[in-house]
Amino acid sequence: NEKLVKELLDVIDNFERALAVGNDGDKFLEGMEMILKQLQGVLEKAGVAEIKCLGEDFDPNFHNAVMTEEYESGKVTAVLQKGYTLNGRVVRPVMVKVSN
């Protein structure tokens, strides 16, 4: 299951990137959003959950720090790639920017 979930997470990333640049009034975009929600629903039923982290303390068990910036020390300041768990176990850590 973990291998399949990891591959599907790349598909979700691409859906989200495509939707971020789309036109809000476009019916095609609306259809893509519906497909993404359906895919996310299937994964949630299988035990997949997004790791929420923005503004939280950095935790190397869940986060992969790839950048730093000046801010309140040790806090996650930006999410560069979402991370997910499968039945409570990290399958992909969140790629984050962390304050130093």
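**Entry 1. Cores**

I began with the nonpolar cores and found that the largest has 14 residues, with Val 5, Ile 12, Val 48, Tyr 84 and Val 91 making the most contacts inside it. I then looked up which elements supply two or more residues to this core: helix H1 (2-20), helix H2 (27-45) and strand E4 (84-86). I note that the model is predicted.

I recorded a second, separate core of six residues, which includes Cys 53, Val 76, Val 94 and Val 96. As background, I keep in mind that nonpolar side chains in soluble globular proteins tend to be buried together.

**Entry 2. Val 91**

I listed the contacts of Val 91, setting aside residues up to four places away in sequence. Val 91 touches Glu 2, Val 5, Lys 6 and Leu 9, and also Tyr 84, Thr 85 and Leu 86.

**Entry 3. Leu 36**

I located Leu 36 in helix H2. Is Leu 36 buried or exposed? I entered Leu 36 as buried, because its relative accessibility is 7% and the cut-off for buried is under 20%.

I next asked which residues Leu 36 is in contact with, leaving aside its neighbours within four places in sequence. I found Ile 12, Phe 15, Glu 16 and Leu 19. For the pair Leu 36 and Leu 19, I noted a C-alpha separation of 9.5 Å, with their positions 17 residues apart along the chain.

**Entry 4. Antiparallel sheet**

I traced an open sheet of three strands in the order E1-E4-E5, with antiparallel pairing. Strand E1 (48-50) and strand E5 (89-92) are at the edges and have a single partner strand each, so one side of each lacks a neighbour in the sheet. I noted that neighbouring strands here are turned by 35° against each other on average, direction ignored.

I counted three bridges in the antiparallel pairing of E4 and E5, and I found Tyr 84 opposite Arg 92 in E5. I also looked at how H1 is placed: H1 lies across E1, E4 and E5, and runs at about 55° to E5.

**Entry 5. Mixed sheet**

I traced a further open sheet of three strands, in the order E2-E6-E3, and recorded its pairing as mixed. Its edges are strand E2 (63-69) and strand E3 (76-81); each has a single partner strand, so one side of each is left without a neighbour in the sheet. The average turn between neighbouring strands of this sheet is 30°, direction ignored.

I closed with the pairing of E2 and strand E6 (residues 94-99), which run parallel and are joined by six bridges. I found Asn 64 standing opposite Met 95 in E6.

Technical notes. Residues are numbered from 1 along each chain as its sequence is written. This is a predicted model: local features need pLDDT of at least 70, side-chain atom pairs count only at pLDDT 80 or more; totals for chains, interfaces and linings use all residues. Side-chain values use heavy atoms; hydrogens and water are left out. Two strands pair if DSSP finds at least two bridges between them. Helices (H or I, at least four residues) and strands (E, at least two) are DSSP runs, numbered from the N terminus. Axes are lines fitted to C-alpha atoms, for helices over the stretch in contact, and angles run from 0 to 180 degrees between N-to-C directions. A nonpolar core is a set of buried Ala, Val, Leu, Ile, Met, Phe, Trp, Tyr and Cys residues joined through side-chain atoms within 4.5 Å. Buried means under 20% relative accessible area, exposed over 50%, partly exposed in between (1.4 Å probe, protein chains only). Contact means heavy atoms within 4.5 Å.
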